[in-house]
Amino acid sequence: MIAPSGLAFYKGKLFPKWNGNLLAGALRGIGVYRLELKNGKVVTEEPLLTDRKERIRDVRVGPDGEPRLVGELPWYVIIGAPDGNAYAIDVKGEVAGKWAPPEGIRAMGYTRPLENGNLLGKNGKSVFEITQEGKLVWQYTEKEGRDLHHDQERLANGNTLIVCNKDIMRPEISKKLLTDDCLLEVDKTGKIVWEWQTADHFNEFGFSDELKATIMNGYGEKTQIAMGGSPATKGMDWGHMNAASEIPASAGLTDPRFKAGNIIASYRPLSTLVVIDRQTNKIVWKIDDVSIGQDRKSTRLNSSHTDISRMPSSA
């Protein structure tokens with residue numbers, strides 16, 4: 001069963017036979033899974049690093065073609081901690097750096113590094129960028145009732161992609177109030193320039209009649225937990241998008257469904273990956289029939305992304 005999140009298309013000289021393959025980490029399973037695609041179908045599924053007994057939340061490919069994963073030597077991991085700070089942790093579990101949230105923001109929350117050395121954080125209704133010295137240089141604050149959750153990513157054009165959700169009623173989909181996932185693209189001025197709502201594309205998922213009936217009648221808390229999602233609160237968290245990433249030009253894919261700029265997103269309890277065409281807003285590709293365990297987000301760094309020597313003291 002697949003419950004995916006952090007994803008990357010591979011392109012590099014280190015593993016040339018992997019070029020064009022999709023790499024995904026696993027939470028329910030362990031390690032990383034390599035998916036070879038032909039004509040949009042998964043033809044090879046290879047588990048990697050399963051001997052490490054680790055759940056991988058994010059996958060990235062470095063400029064050298066090396067997959068970058070949580071838990072691999074000799075890199076660092078950035079986490080948003082319960083005390084509100086973000087920490088860089090080395091392979092021995094020692095704190096190598098620490099960032100406090102900027103003034104007016106309660107906590108760093110989900111935090112990921114940017115290519116310019118800054119950090120992109122999220123807390124509550126805000127997504128923000130800070131320098132390594134903690135200076136706030138960019139911020140988007142949600143004012144229309146959406147919940148910003150799980151993932152944010154800087155796009156190639158300099159804008160920011162944000163995963164969100166909002167409660168809606170769609171009687172043609174469910175008798176229940178839905179907590180429905182959405183995507184926002186926000187420019188450097190804080191303006192929303194693109195928005196995508198999952199429920200608007202419900203029929204494009206091609207769900208079975210059985211799953212449609214389950215969604216229509218409502219999961220219930222036990223079913224939601226069994227599917228790998230969070231217990232229902234106000235609305236039914238029916239899709240629970242865990243991650244969304246832009247397909248980079250560097251992936252070098254020729255299939256037009258995977259053209260640069262399209263968005264690949266994952267829905268954890270539905271065990272589904274989709275690709276969204278940015279020009280048509282349609283779902284142009286999906287998989288829901290591979291056996292990767294629950295896969296989410298996290299980030300592994302090296303000093304080419306974050307200058308560890310410039311990190312503030314953790315004391």
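# A tour of the strands, turns and buried spots

Start by selecting Ile276: across from this residue, in strand 21, stands Ile283. Before you click on, keep in mind that what you have open is a predicted model.

**Stop 1: the sheet around that pair**

Now colour strand 20, residues 272–276, along with strand 21. The two pair in the antiparallel sense, over four bridges. If sheets are new to you, here is the general idea: strands pair through backbone hydrogen bonds, and they can do it in a parallel or an antiparallel way.

Widen the selection to the whole sheet. In what order do its four strands come? Going across, you meet 18-19-20-21, with antiparallel pairing, and the sheet is open. Look at strand 18 (241–246) and strand 21 (283–287): each stands at an edge with a single partner strand, so one side of each has no neighbour in the sheet. Tilt the view and follow the strands across; from one strand to the next, the twist averages 20 degrees.

**Stop 2: two loops beside the sheet**

Next, pick Ser271, in the loop between strand 19 (263–267) and strand 20. Check its backbone: phi is positive here, about 50 degrees, although Ser271 is not a glycine. As a rule, most residues other than glycine have a negative phi. Is Ser271 buried or exposed? Its relative accessible area is 5%, under the 20% cut-off, so Ser271 is buried.

Then hop to Asn281, which sits in the loop between strand 20 and strand 21. Asn281 isn't a glycine either, yet it has a positive phi of about 70 degrees. With 24% relative accessibility, Asn281 counts as partly exposed.

**Stop 3: the disulfide**

Select Cys164 and Cys182 and show their side chains. How far apart are their sulfur atoms? The gap is 2.2 Å, and the two residues form a disulfide. Searching the whole structure turns up one disulfide. This pair links distant parts of the chain: Cys164 belongs to strand 15 (residues 160–168) and Cys182 to strand 16 (residues 178–186), 18 residues apart. Switch on a surface and you'll find that both Cys164 and Cys182 are buried.

**Stop 4: a buried glutamate in strand 16**

Stay in strand 16 and pick Glu185. Its relative accessibility is 4%, so Glu185 counts as buried. Which side chains does Glu185 reach with polar contacts? Try Asn157, where the contact is 3.0 Å, and then Asn159, where the contact is 2.7 Å.

Now show what surrounds Glu185. Leaving out neighbours within four places in sequence, its contacts include Leu155, Thr160, Lys191, Ile192, Val193, Trp194 and Arg278.

**Stop 5: an exposed alanine**

Move to Ala156, in the loop between strand 14 (147–154) and strand 15. At 72% relative accessibility, Ala156 counts as exposed. Add Ala249 to the selection: Ala156 and Ala249 are 93 residues apart along the chain, while their C-alpha atoms are separated by 9.1 Å.

**Stop 6: another glutamate, this time in a loop**

Find Glu142 in the loop between strand 13 (136–141) and strand 14. Does this loop residue count as buried or exposed? Its relative accessibility is 5%, so Glu142 counts as buried.

Show side chains here and look for Tyr140: a polar contact of 2.6 Å joins the side chains of Glu142 and Tyr140. Setting aside neighbours within four places in sequence, Glu142 is also in contact with Lys125, Leu148 and Leu184. One more pick: Ser126 is 16 residues from Glu142 in sequence, and 6.3 Å from it in space, C-alpha to C-alpha.

**Last stop: a hairpin**

Finish with strand 3, residues 32–38. Five of its seven residues are buried, so strand 3 is largely enclosed by the rest of the structure. Bring in strand 4, residues 41–48: the two strands run antiparallel, and seven bridges join them. To see one facing pair, select Val32 and look across to Leu48 in strand 4.

Now follow the chain round the bend. Strand 3 and strand 4 form a hairpin, with two residues between them. Click on Asn39 in that turn, where phi is positive, at about 55 degrees.

Methods. Residues are numbered from 1 along each chain as its sequence is written. This is a predicted model: local features need pLDDT of at least 70, side-chain atom pairs count only at pLDDT 80 or more; totals for chains, interfaces and linings use all residues. Side-chain values use heavy atoms; hydrogens and water are left out. A disulfide is a pair of cysteine sulfur atoms within 2.5 Å. Buried means under 20% relative accessible area, exposed over 50%, partly exposed in between (1.4 Å probe, protein chains only). Two strands pair if DSSP finds at least two bridges between them. Axes are lines fitted to C-alpha atoms, for helices over the stretch in contact, and angles run from 0 to 180 degrees between N-to-C directions. A polar contact is a pair of N or O atoms within 3.5 Å; within protein, one must be able to donate a hydrogen and the other to accept it, and residues adjacent in sequence count only if both atoms are side-chain atoms. Contact means heavy atoms within 4.5 Å.
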